[in-house]
Amino acid sequence: MEHKKLLITGGAGFIGSHVVRRFVKNYPHYEIYNLDKLTYAGNLMNLKDIEDYPNYHFVKGDIVDETFIQDLFNQHQFDGVVHLAAESHVDRSISNPTEFIRTNVLGTINLLNAANSIWKGQMEGKRFYHISTDEVYGSLGDTGFFTEETKYDPRSPYSSSKASSDHLVRAYFHTYGLPVVVSNCSNNYGSFHFPEKLIPLAINNIKLMRPIPVYGAGDNIRDWLYVEDHARAIDLIFHKGRSGETYNIGGANEWTNLDLIHKLCEIMDQKMHRAPGTSAGLITFVKDRAGHDHRYAIDFTKLKNELGWEPSLQFEEGLDRTVEWYLTNEEWLNAVTSGNYQHYYESQYEKR
Ligand code: NAD
Ligand code: TYD
């Protein structure tokens, strides 16, 4: 079994923690370095169960710090990079777009430059894997799907910054021959999801009998994928995807926000032993998000045909597991919703 030294960025975040856990457990002959700045979204509690594995190493640092990144690559001579570190929340990108350009664009080019400099002349067996989002494709009407050929049309500061980083990654493939691969995935859900995003925010509010804020009419549509299915796709693409290619990843699981919230309310009524309809009474329509994308939906035929990947978990089962996880992991939920979270919540929602 081939030994590899891999850098995973953003491994203390939601998706990153699932990817780190999967790689550390499935590949004991790899050395996994998790580089994370531990912003509000990064949390070492997400990796408690694997922190003592001998093939796992944590490095605290900022991908925007060019010198630090170059030194880290010089020191470790990584064989591969799985790049997830990013500012990831659309609402925060509307309030503070510049931070998204710094992390998502400058951070990505620093990693590309460092990989390019240590792999120069010996690209064989190396891989730079950039994790991106379906939001770069823009917003769909009521029909159609995003394919890998869909024209980029990002419409929020978040998706624009991700689009920009995707273009840079592909430019390094064409210009320098850097062995890159890119994937664009739909909305994820599951454990360790920070409660600024719809599903964990709704679960937390329902638990506390607080209003559930629904933007606009709640008729926007998202395609939801269980996070462990995404981590499995990332594992496959990292090992078997073709260099220079893009793979779309999706759940074939479209829901309007309002239908999804009603479903969550039903599950919560049962689990919290509330009378049916109690949680749905918390639904509160609030001012819409600026530039709110109407619909995302992914065509993942390429990934299915080339690498045999498909989502494995039914949404009912995935949502049930997710709600159960949040109710069981009270300590985690309380820790991440204390302190700054309260300020964030007030600033985002008090004026809506
Ligand atoms: P997240 O916000 O939960 O985690 C981001 C992680 O990156 C955090 O641990 C944070 O501390 C770290 N980070 C942020 N800035 C950093 C910096 N300057 N230097 C080092 N580390 C830094 O995000 P997520 O939801 O897990 O998303 C991970 C990746 O997947 C992102 O690139 C995102 O664009 C992409 N993605 C997310 C989704 C989704 O539904 N969440 C869907 C498709 C793609
Ligand atoms: P979110 O989880 O922020 O993911 P994204 O915007 O990247 O798709 O939001 C999912 C959907 O839920 C989106 O249409 C916005 C909506 N939404 C609400 O209605 N209320 C909320 O409080 C949040 C956070 C999101």
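**Close-up views of a pocket and two ligand sites**

**View 1. Helix α3 and the largest pocket.** With three residues, α3 gives the most to the lining of the largest pocket. As you explore this and the other views, please keep in mind that the model is predicted. The space in the largest pocket comes to about 230 Å³. Two elements, α3 (90-95) and α12 (340-349), give two or more residues to the lining of this pocket.

**View 2. The lining of the largest pocket, residue by residue.** Here you can pick out Asp91, Ile94 and Ser95, together with Lys287, Asp288, Arg289 and Ala290, in the lining of the largest pocket. Ser347, Gln348, Lys351 and Arg352 also line the largest pocket. How do the residues of this lining divide into nonpolar, polar and charged? Six are charged, three are polar and two are nonpolar.

**View 3. The shell around ligand 1.** Ligand 1 is surrounded by 28 residues, and the closest are Ile15, Asp36, Ser88, Tyr158 and Lys162. The elements that each supply at least two residues of this shell are α1 (14-26), β5 (127-133), α5 (157-176) and β7 (187-189). Which element gives the most to the shell around ligand 1? That is β5, with three residues. By class, the shell around ligand 1 holds 12 nonpolar residues, 12 polar ones and four charged ones.

**View 4. Polar atoms close up at ligand 1.** Let us start with the backbone: a backbone N or O atom of Gly13 is placed 2.9 Å from an oxygen atom of ligand 1. A backbone N or O atom of Lys37 lies 3.1 Å from a nitrogen atom of the ligand. From the side chains, a polar atom of Asp62 comes to 2.8 Å from a nitrogen atom of ligand 1. On its own, ligand 1 has 830 Å² of accessible area, and the protein covers 96% of that area.

**View 5. Ser132 in strand β5.** This view turns to Ser132, a residue of strand β5. Is Ser132 buried or exposed? Ser132 is buried, because its relative accessible area is 6%, and buried means under 20%. The side chain of Ser132 has a polar contact, at 2.9 Å, with the side chain of Asp166. Strand β5 itself may be familiar from View 3, where it gives the most to the shell around ligand 1.

**View 6. The shell around ligand 2.** How many residues surround ligand 2? There are 18, and the closest are Glu135, Arg222, Arg289, His292 and Tyr349. Arg289 is also one of the residues that line the largest pocket. Helix α6 (198-207) and strand β8 (212-215) each supply at least two residues of the shell around ligand 2. Of the elements, β8 gives the most to this shell, with three residues. Sorted by class, the shell around ligand 2 has eight nonpolar, five polar and five charged residues.

**View 7. Polar side chains close up at ligand 2.** A polar side-chain atom of Glu135 is found 2.6 Å from an oxygen atom of ligand 2. Two asparagines join the view: Asn187 places a polar side-chain atom 2.9 Å from an oxygen atom of ligand 2, and a polar side-chain atom of Asn257 lies 2.9 Å from an oxygen atom of the ligand. Of the 510 Å² of accessible area that ligand 2 has on its own, the protein covers 98%.

Note on methods
Residues are numbered from 1 along each chain as its sequence is written. Chains are lettered from A and ligands numbered from 1 in the order in which they are written. This is a predicted model: local features need pLDDT of at least 70, side-chain atom pairs count only at pLDDT 80 or more; totals for chains, interfaces and linings use all residues. Side-chain values use heavy atoms; hydrogens and water are left out. On a 1 Å grid over the protein atoms alone, a cavity is a set of points where a 1.4 Å probe fits but cannot get out, and a pocket is an open set with protein on both sides within 12 Å along at least five of seven lines; lining residues have an atom within 4 Å of a point. Grid points are joined across faces, edges and corners, and a volume is the space filled by probe spheres set on the points. Helices (H or I, at least four residues) and strands (E, at least two) are DSSP runs, numbered from the N terminus. Ala, Val, Leu, Ile, Met, Phe, Trp, Tyr, Cys and Pro count as nonpolar, Asp, Glu, Lys and Arg as charged, and the others, Gly among them, as polar. A residue is near a molecule or strand if one of its heavy atoms lies within 4 Å of it. A polar contact is a pair of N or O atoms within 3.5 Å; within protein, one must be able to donate a hydrogen and the other to accept it, and residues adjacent in sequence count only if both atoms are side-chain atoms. Accessible areas come from the Shrake-Rupley method with a 1.4 Å probe; for residues, only the protein chains shown count as cover. Buried means under 20% relative accessible area, exposed over 50%, partly exposed in between (1.4 Å probe, protein chains only).
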